[in-house]
Amino acid sequence: MEIERETNEGNSRRIQVRFITKLKAPYKVPTTAIAIPSDLSRLGLSSIVNKLLQAVDSEWKTEPFDFLIDGELVRMSLEQFLLVKGISAEKILEIEYIRAVAPRKEEEPSPHDDWVSAVDGSSPRIWKQAGWCTHILEGHSGAISSVRIINSEGAGSVTVATASKDRTLRLWKFDAEDSTDHPARIRAFKILRGHNASVHSIAAKTSGDMICSGSWDCTINLWRTNDTDTNGDAVSIKKRKVNNKIEESQSEGEAVSTLVGHTQCVSSVIWPQQDTIYSASWDHSVRKWDVETGKDLSDIFCGKALNCIDIGGEGLALIAAGGSDPVLRIWDPRKPGTSAPVFQFSSHSSWISACKWHNTSPLHLLSSSYDGKVMLWDLRTAWPVSIIDTHKDKVLCADWWKGDCVVSGGVDAQLRISSDISIQ
């Protein structure tokens, strides 16, 4: 079988290919070998697969596909790919196709009064739908720089931690299932004081009983999230008089311990294992900390001020970080004796503000940038598999949500949700 070109461009040689997939029906095409032009790239290959699917199902609706040869995504013409990889075109070439990792829907944006500088998509239940605000957490006297969902348990109970330029962290509890015509206004149940400068980042221990915070004072503080102090005693709760009524105020907590070693702002922290914290800093370093001893176990220096860090990949062993240049860097600390990244993605045109691994795929991660874009990456290619450019200004934060959505916020005061993303 031969596939004819639909363009008027010059002739190119034809190669025999067989399309294969791990997708289930209705995405399967016949595995018969066919002859196609060698100068086709991803879009041309996608067009062929869609035509083959339409031949099987007349009601098939066209959708984009990506293609792998020997486990690597094709991001050039077949002719170029075979040449670069030294693959012979004399035998039948097997090309695996997968659904393209790209949003198929953009939800209505959720407007805010000011910049959206932090977002956490780890719970599928917090947002009801695009544009619908259910709760407002109020009390900080400065801009909020980071937010983390500590736990999401029970019928709808959610505990959230926030960090602010007012030098404090605050803990909040609310019922995510509560919904009214107007957003419920929530006060923090606990205020955490101890930093001497703006608090820039929060991470939660997997058990949820502790959090850590990175600050402009160059330190990382560890905090308990319950209502007892380090000796198990109840934390004192202040009272205040409001409208001649005694109202219970927030409890206050102090840091359990402080990790010292960075020499500039600790811009990002992550707590992926019970006994290990990772941090990124404007001092150009990524550091690994032992929680129990407070010791700095290892350092990676990259020569750039860093804004974000996340741990993921196969075996949760890869460190991704971005900062004051357009390059998203990934290190494998299992390879000792070198600070060289194992991957470098450089398609952004400005500073990187956030990076986040997908929670189920070791191959996929995202990055956001001051260039106004969110990019989705696959470790099997050096180019972004999708670019989300719905924001009108700098993107300050981004995260995965529900496995198939990306949430992002920025200087345009919009929270945006890009949905129906196929991750395989």
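1. In which strand is F19 found? In this predicted model, F19 is found in strand β1, and its relative accessible area is 2%. Because buried means under 20% relative accessible area, F19 counts as buried. The C-alpha atom of F19 is separated by 8.5 Å from that of L93, although the two residues are 74 residues apart along the chain.

2. F19 also belongs to the largest nonpolar core, which has 27 residues; F19, I36, F65, F67 and I95 are those with the most contacts inside it. Two or more residues of this core come from each of β1 (14-20), β2 (34-37), α1 (42-56), β3 (65-69), α2 (78-85) and β5 (93-99), and α1 gives the largest share, five residues. In soluble globular proteins, nonpolar side chains tend to be buried together.

3. Between β1 and β2, two of the elements that contribute to this core, runs a loop in which P26 has its place. The peptide bond that leads from A25 to P26 is cis, with omega near 10 degrees, and a reader following the backbone through this loop may wish to look at that bond in the structure above.

4. Strand β34, which spans residues 414-419, is mostly covered, since six of its six residues are buried. Q414, R416 and S418 point one way from the strand, whereas L415, I417 and S419 point the other way, and all of them are buried. In a regular strand the side chains alternate between the two faces of the sheet. The side chains listed for β34 can be read with that pattern in mind, with R416 pointing one way and L415 and I417 the other.

5. Which strands pair with β34? Strand β33 (residues 405-410) pairs with β34 in the antiparallel sense over four bridges, and within this pairing S408 stands opposite R416. Strand β6 (residues 105-106) also runs antiparallel to β34 and is joined to it by two bridges, where K105 has S419 as its bridge partner. Strand β7 (residues 110-111) pairs with β34 over two bridges, again in the antiparallel sense, and here the bridge partner of S110 is L415.

6. The connection from β33 to β34 deserves its own point, as the two strands form a hairpin with three residues between them. A413 is placed in this loop and has a positive phi of about 60 degrees although it is not a glycine. Is A413 buried or exposed? With a relative accessibility of 14%, A413 counts as buried, because the limit for buried is under 20%.

7. A second positive phi is found at R167, where the angle is about 80 degrees although the residue is not a glycine. R167 has its place in the loop between β10 (157-164) and β11 (168-175). R167 is partly exposed, with a relative accessible area of 46%, whereas A413 counts as buried.

8. The second largest pocket has a volume of about 950 Å³. Its lining comprises 40 residues, and those closest to the centre of the pocket are S122, I270, D310, K356 and N359. At least two residues of the lining come from each of β9 (144-153), β14 (199-204), β20 (266-273), β24 (306-312), β28 (352-357) and β32 (395-401), and β9 gives the most, with six residues. What is the make-up of the lining in nonpolar, polar and charged residues? The residues divide into 16 nonpolar, 16 polar and eight charged.

9. On annotation, the unreviewed UniProt entry lists residues 137-182, 192-233, 259-299 and 345-381 for "repeat: WD"; annotations of this kind may be inferred rather than shown by experiment. In the model, the span of residues 345-381 is 0% helix and 49% strand, and its end C-alpha atoms lie 9 Å apart.

10. A last point concerns S324, which lies in the loop between β25 (318-323) and β26 (325-331). S324 is buried, with a relative accessible area of 19%, and this value should be read with care, because buried is defined as under 20%. From C-alpha to C-alpha, S324 and Y370 are 10.0 Å apart in space, while in sequence they are 46 residues apart.

Technical notes
Residues are numbered from 1 along each chain as its sequence is written. This is a predicted model: local features need pLDDT of at least 70, side-chain atom pairs count only at pLDDT 80 or more; totals for chains, interfaces and linings use all residues. Side-chain values use heavy atoms; hydrogens and water are left out. Buried means under 20% relative accessible area, exposed over 50%, partly exposed in between (1.4 Å probe, protein chains only). Two strands pair if DSSP finds at least two bridges between them. On a 1 Å grid over the protein atoms alone, a cavity is a set of points where a 1.4 Å probe fits but cannot get out, and a pocket is an open set with protein on both sides within 12 Å along at least five of seven lines; lining residues have an atom within 4 Å of a point. Grid points are joined across faces, edges and corners, and a volume is the space filled by probe spheres set on the points. Ala, Val, Leu, Ile, Met, Phe, Trp, Tyr, Cys and Pro count as nonpolar, Asp, Glu, Lys and Arg as charged, and the others, Gly among them, as polar. A nonpolar core is a set of buried Ala, Val, Leu, Ile, Met, Phe, Trp, Tyr and Cys residues joined through side-chain atoms within 4.5 Å.
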